[in-house]
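Please follow the chain in the viewer as you read, since the paragraphs below walk through one part of the fold step by step.

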Amino acid sequence: MRKKSLAALLAIVLLIVHVALASGKIWQEGIQAPGNTILNLAASQTHTVKKESSSQTGYETITDGMGRKVTVKHPVKRIAFSHIATADALMILDAWDKVAGRCRRLDETIFPGLDKIAVVKSGQNVYELNYEKIYGAGIDLFLAANIPVSGFDEMVAHLEPNIPVAVLDFHDASQFIANLETLGVLIGKEKEAEAYIEWFNAILEMISNRTKTVTDKPTVFFKTGWGSVDDMQTFTDELAGIPKRNEITGCANTAAKLPSRGGWVPSVDAEWLVTQKIDMLIIMDYIHGGFGFGVDDPALVRHHRQQVMDLPAFSGSEAVKNNQVYVIPVEFFATPQFIVGYAYLAKWFHPELFPDLNPQAVHQAYLKRFMRLDHDLSRNGVFVYPNK
């Protein structure tokens, strides 16, 4: 059971917006660039997919995230996946119409036609699949994630060579850009991938250029858990993506060097927390019914926040004394929504550096342009608290 809990949490929390060209200038949503400021793309985030030659016309071969050569017949018409972050990636590439098999727990207000798409995940493990449904759905390509649990080889053996398996991680911020570009090549959506990457990098560059000048970084404790107020889990800097998150948003991780299980700390000692410097507290707990488009009252999130602030571990901290406590869903750090999470953290940590950054506008741009949704965040939905 512990192994499954670790796998699930790692899958959820592995770390962690509209730029269009018009008249030769970059137009940005979420940022009001002063004067003649021009944002260059982040060179460190660019990636070029090397297409492999194929002796067969109508086939595409790429190297996936695990270094495996994967050949897929074009055009790809029917895709299945088992990791929630892959759903966002397919929406970004305007390829949702190709989805014929999916994971559980997707939001029907975001992902259309869920009742008509087969649920192919059969267990908690992302590699536990219903092969009868996969074969019955006529799948051309199965998109897998690289998660540190058993079952990958068995899954591949059940699917290949009949159904090619490509491992592309969209829950890991350090690999997201490269994998999105690779997926674009694999399914013939290069232009869509390029548009998102350009938008993502422009915002990332702006944030990084400002936070890199910071010398006095706030010390932040990132609390996560399954919903119980006193469930005190966190992540150290050993976990992939955490150091980059800290660098981009300009903070220091309170739990950076705690003993961990590959970066995951399943239970933080409350007495130890009392002795630590905590300038800001970020709560990423699962709060059932607290966040989403269908939630207009932040009462549940507000109550949960207050309960956490009242814990002896935090009640005497500078974060609580100065009201520097924020609640944010973990999806902003474990799906292609990374840039939304980065925008909120940067704004909270360094408001003086970002008077022109509106994280909600960044989120709105993500939803409107890349998820193709008409939801108006100024009218409906709770996604962070407090949202000031």
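In this predicted model, a convenient place to begin is the pairing of β6 with strand β7 (residues 118-119), which is parallel and rests on two bridges. Within this pairing, Gly101 stands opposite Ala118 in β7, and Arg102 stands opposite Val119 in β7.

Strand β6 (residues 99-102) is also joined to strand β5 (residues 79-81), again by two bridges and with the strands running parallel. Here Ala80 stands opposite Gly101 in β6, the residue that also faces Ala118 in β7. Between β5 and β6 the chain passes through helix α2 (residues 84-92), and the resulting β-α-β crossover is right-handed.

These pairings belong to an open sheet of five strands, ordered β7-β6-β5-β8-β9, in which the pairing is parallel. The edges are formed by β7 and by β9 (165-167), each of which pairs on one side only. Helix α2 packs on this sheet, where α2 touches β5, β6 and β8 (141-144), and the direction of the helix makes about 145° with that of β5. Helix α4 (residues 152-159) packs on the sheet as well, touching β8 and β9, with a direction that makes about 150° with that of β9. In general, the strands of a sheet pair through backbone hydrogen bonds, in either a parallel or an antiparallel manner.

Turning to the protein as a whole, the model contains 13 helices and 15 strands. Of its 388 residues, 56% count as buried, while the protein exposes about 17300 Å², of which carbon and sulfur atoms supply 49%.

Note on methods: Residues numbered from 1 in each chain as written. Predicted model: local features only at pLDDT ≥ 70, side-chain atom pairs only at ≥ 80, totals over all residues. Heavy atoms only, no water. Helix = DSSP H or I, 4+ residues; strand = E, 2+ residues; numbered from the N terminus. Buried < 20%, exposed > 50% of the residue type's maximum accessible area, 1.4 Å probe, protein only. Areas by Shrake-Rupley, 256 points an atom, 1.4 Å probe, with all protein chains shown as cover. Pairing = 2+ DSSP bridges. Right-handed = clockwise from strand over helix to strand, strands pointing away. Contact = heavy atoms within 4.5 Å. Axes fitted to C-alpha atoms, helices over the stretch in contact; angles between N-to-C directions.
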